[in-house]
Amino acid sequence: MSPEVEAPLRRWRFTGRLRHYQADVLDRVDVGRADPLHIVAPPGSGKTLLGLLLAARRGGRALVLAPTKTIRDQWAEAAAAMAVEPAEVSTDGAHPAALTALTYQALSVLDGDNPLAALARERWQSELEADGRSPDAASAWLDALRTGNPRAYAAGISRRSRTVRRRIAQVDPEALERALHPNARALIDRLVAHGVETIVLDECHHLLDHWALVVAALVGRLRADGRVPLVIGLTATLPSPDDGAAYDNYSSLLGDVDHEVPVPAVVREGNLAPYREYVRFVEPTADEHAFLSGAAVGLAVLVRATFERGEGADHLIAMLQPPLPDAGADADAGADADADADADADASSPALVPPPARRTTGIASETGDDVDVRLSLAFAADFAGAEAAAAMLATAHPQHPLVAHLPAVARRSPTTEESLRLLGRFALDRVLPDASAAERWERIRSALADFGFSLTDRGLRRTRDPIDTMLASSLAKDHALCDILRRERDRIGARLRALVVTDFSEHGNRHGGLVGRAGALRTFSVLSSDAATADLRGALVTGSTTRVATRHAGSLMPAWSAALGCDVAIAPVPDEPGVSEISAAGIGAARFVRAAAVLLTRGELDVVVGTRGLFGEGWDCPTVNTLVDLTSVATAPATQQLRGRALRLDPAWPEKVAHIWTVTALLPASSPLDAAPDLSRLRRKHERLWGVHRDDPARIVRGLPGALTGEQRRLMSTGERPAADALDALTAVDARKRTRELWRVGDAYDDRESVGSLVSRRAGAPVFRTRRRADAALAVATGVAGAVASGALALLIAAAAGGAGTASVVVGLLALVGAGVIGTPVARTWLRSRRSQARAPELYRRIAVVVTAALHRAGRIGAGARPEVVVGPDGGAATGGGAGSRVGARSPRGTEPDMPAAAGRAGAERTVTGPERFDIRLTDASLEEQRVFAAAMAELLGPVRTPRFLLQVDAGGSSPFVRWVLARSGTTARAQFLAVPAAFGFASARLRAFAADWEREIGPCVLHVVDRPASLALLAEARRAGAVDGDLSVIEGWD
């Protein structure tokens, strides 16, 4: 057979011009490999062309799988432009060609209405048997249910079928292929016989669940036929490991990412439009707030009745003061703990050992250490549960003696979710075992269900949360949309082309809380009736209906007819006189979706409102310059795909800049509920998104700093509920021209991602709260030693002059020696601490050096990695293109900081006042090493949670005299503890080296192992003390 037949795609040609990053991918990857090729690139970056060029370089027959027919047809059209003959491209699985483009569904349709029913019944029967029934009894019960209540039986089979489908490969990899429809099995047979050698998986993040398994089955069949197929996975974003088994299916098929093209690179090259992320905050409407407040009052009554007296109060104490094990085991356990202290890092953690405590009853009669040890045991066993119980105790019983021992962060009102989880825990532990409390059990179950929790004898699990549903679907968001569009129109006038995306056409809260129904239908109704947007020509397009404002129906009817290529009919919508419905005989939703893009492009529509299922992915309309995200989905794939709808280049507006709005609902400060599900969703949505830093616009960063200012983020993280108006007042919408300048389109770039830490703090404030007290104590001790030495010298001088006897000489010598022995280590420690902590950037540099050395000893980073602190020329953080001062790194074994002279002079000559910001970076390190370093810095300097080791600063010391001085200075003040990062490992030799480095570079310290009773009590004190002064945040950047 000729090479042209075996490798028909090698004759294909591309005559256009490759983009820089496309050429880079083609240069770096090997298409002759047997392993999968996994490429991540944003929407609009040219993944289709890249996939075709890789397939053509491979040469053999290719199969392209796409998630929708629209995307499939786009592949076929692009392939036909490269093919020698049109017949070399096919979208018909019955007649494969040199390149065949199909949908995933064509390959993986299952046989019958429910081909997994038998397996689902087997699973159900196993559950019944696990509940104590015999196999025969379980089977008989299922037969009786199928006869007596067919609907309940079908529902049970349907639920378990979905679970079986997700897990079937783990049980029987061949079972899924047997369950495929005969047409799908025949298609796989044809593709194998056709000799496919390249499989291109477009938008491969869809390969969760059984699609990935079917593709894997096809690859296995090809290999069994003697082929070595190349699998090319193309996606704009990776799925999340949180998807569990589905993610495992995906990663086992495609492996690690081989090449990633970041969005900023595509924007900088001018192949995607520059953009700016904005957030609009709203509060629920009065009716919605009234419903939520009523639910909150009911919850508060139940919580108060449960925990303010009797069993409920006892339950809180029991959670926070678990019993101590028998004292007889303490000595042996303590000896084991001593032996374990020198265990290697790979050894398992020793068990929490009880203290030799006296057996007393009642908090008041116990020692403070006993109470703290038991409190720490509670936090170590279940941190979230103990924190919730502590907050409830502090609220319901503020005068209880235990409250004084609680961590500062827990002496607050419990959140709504904490209250709900405490109720569930109480019901399981105290109510369910009591047969006479069945009515109380049902009352608590009902209250939990109203707030989205299902309580069964298996525990508490989250279900659909009415609070979350209401906030995500608040009518206030629709009104905010109108204001956003009005302002955008005021900025760009007739150029406005907006896409508004909701979750569904219509949805609501089954608990009956929502006022009316939410979704795209309601959103469009508000948009059409609001005076601010009434003149905008809008259209609603969903899977079941297409609508326009009645006032625009006459002018839009010919436009829709032309875009669809057929006559259309317009009829008023019942009960909505301001809205009319458009229909066309034989025309489905897909045609209307494509027609909407045509009308936006022509300028005959200003706004399109649609659902995520139709517009969230695969819809291409380059004229869209404003995107409003009203969806509740926060996964990385869905979020990034949705943003891609607004980033295409617009040929009609070469200077296009996209504005992307997320609307977030917050409960008002007056609400009795304490929950922020929409705020949590906002954080998750932006977790993987790139943007221009709001406070430092020369940076390109990932996460919320690209959408919110530092002050907005601070208000959101204080623990107090910020007002939506206060947050909105801090949002400044930049002119599009300014945003384009910030992106520096066309400028050279390194295409390098980095992860570092940004420190924001009050200039002049000590980093450690113990610093001034320790500094004063050491200074006084040094002064006393100096005074004694001076007196001794004076005495010796007098003796030399003949003015004193032998006894005076002896006293003088002893005093001088004593002052030297005692004063020298104290003075050395004082001077070292003052030098290291005189300026915050220098202190943080020294901390970074110590952390880097510890991570290197643990094998987490390479020997060449070096930290540096970068301070901007104005005292703030250095910008991407600025000339900030760098406080360089050096080995922790050195004695003097390796600081460039210019930087040193700048620090010495400038007295910084007000806020202070600087970067901490790890140079000569991989991206993963940078992440490890940044996470370790954040853990070390952040709030103490549940560390295995604690570092007490400004305590201890290598000299007994230093230890005595610092111990005396700290007898009445609160100590400062730092959580030793888990990445350092557990090996005692490494941790002792870390403590030694700290003492040499920064100052005296004590390392505590938090695995024994004596040190467990320190956890409560460490948590009460809180984090260091200043905010350290992890920043992911690109340049």
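Me: How are α34 and α36 oriented to each other: parallel, perpendicular or oblique?

Reply: A good habit is to look at the crossing angle of the two axes, keeping in mind that this is a predicted model. Angles that fall outside the roughly parallel, antiparallel and perpendicular ranges count as oblique, and 65 to 115 degrees is the perpendicular range. Here the axes of α34 (residues 840-857) and α36 (residues 927-941) come within 10 Å and cross at roughly 120°. The two helices are therefore oblique to each other, and their crossing is right-handed.

Me: Which residues of α34 and α36 make the contact?

Reply: Look for side-by-side sets, one from each helix. On α34 they are Tyr844, Ile847, Ala848, Val851, Thr852 and Leu855, and on α36 they are Val932, Phe933, Ala936, Met937, Leu940 and Leu941. Sorting them by class gives 11 nonpolar residues, 1 polar and no charged ones.

Me: How many of the residues of α34 are buried?

Reply: Burial is judged residue by residue, with under 20% relative accessible area as the cut-off. For α34, 16 of 18 residues are buried, so the helix is mostly covered. From first C-alpha to last, α34 reaches 26 Å, close to the 26 Å expected at 1.5 Å a residue. Just after this helix, Gly859 takes a positive phi of about 80°.

Me: Let me try a single residue. Is Gln930 buried or exposed?

Reply: Apply that cut-off again. Gln930, which sits in helix α36, has a relative accessible area of 8% and is therefore buried. Setting aside neighbours within four places in sequence, its contacts are Glu753, Ser754, Val755, Leu922 and Ala925.

Me: Now a second helix pair. At what angle do α6 and α7 pack?

Reply: Read this pair in the way you read the other. Helix α6 (residues 117-130) and helix α7 (residues 135-148) pack at about 125°, their axes 9 Å apart. They are therefore oblique to each other, with a right-handed crossing. Arg121, Trp124, Gln125, Leu128 and Glu129 of α6 meet α7 residues that include Pro135, Trp141, Asp143 and Arg146. By class, this contact has 7 nonpolar, 2 polar and 4 charged residues.

Me: What share of the residues in the whole chain is buried?

Reply: Stepping back to the chain, buried residues make up 53% of its 1039 residues. The secondary structure comes to 39 helices and 28 strands. To see how far apart in sequence the partners lie, consider contacts between residues at least 6 apart: 76% of them join residues at least 24 apart.

Notes. Residues numbered from 1 in each chain as written. Predicted model: local features only at pLDDT ≥ 70, side-chain atom pairs only at ≥ 80, totals over all residues. Heavy atoms only, no water. Axes fitted to C-alpha atoms, helices over the stretch in contact; angles between N-to-C directions. Helix = DSSP H or I, 4+ residues; strand = E, 2+ residues; numbered from the N terminus. Parallel < 35°, antiparallel > 145°, perpendicular 65-115°, else oblique. Left-handed = near helix turned anticlockwise from the far one by under 90°. Contact = heavy atoms within 4.5 Å. Nonpolar A, V, L, I, M, F, W, Y, C, P; charged D, E, K, R; others polar. Expected span 1.5 Å × (residues − 1). Buried < 20%, exposed > 50% of the residue type's maximum accessible area, 1.4 Å probe, protein only.
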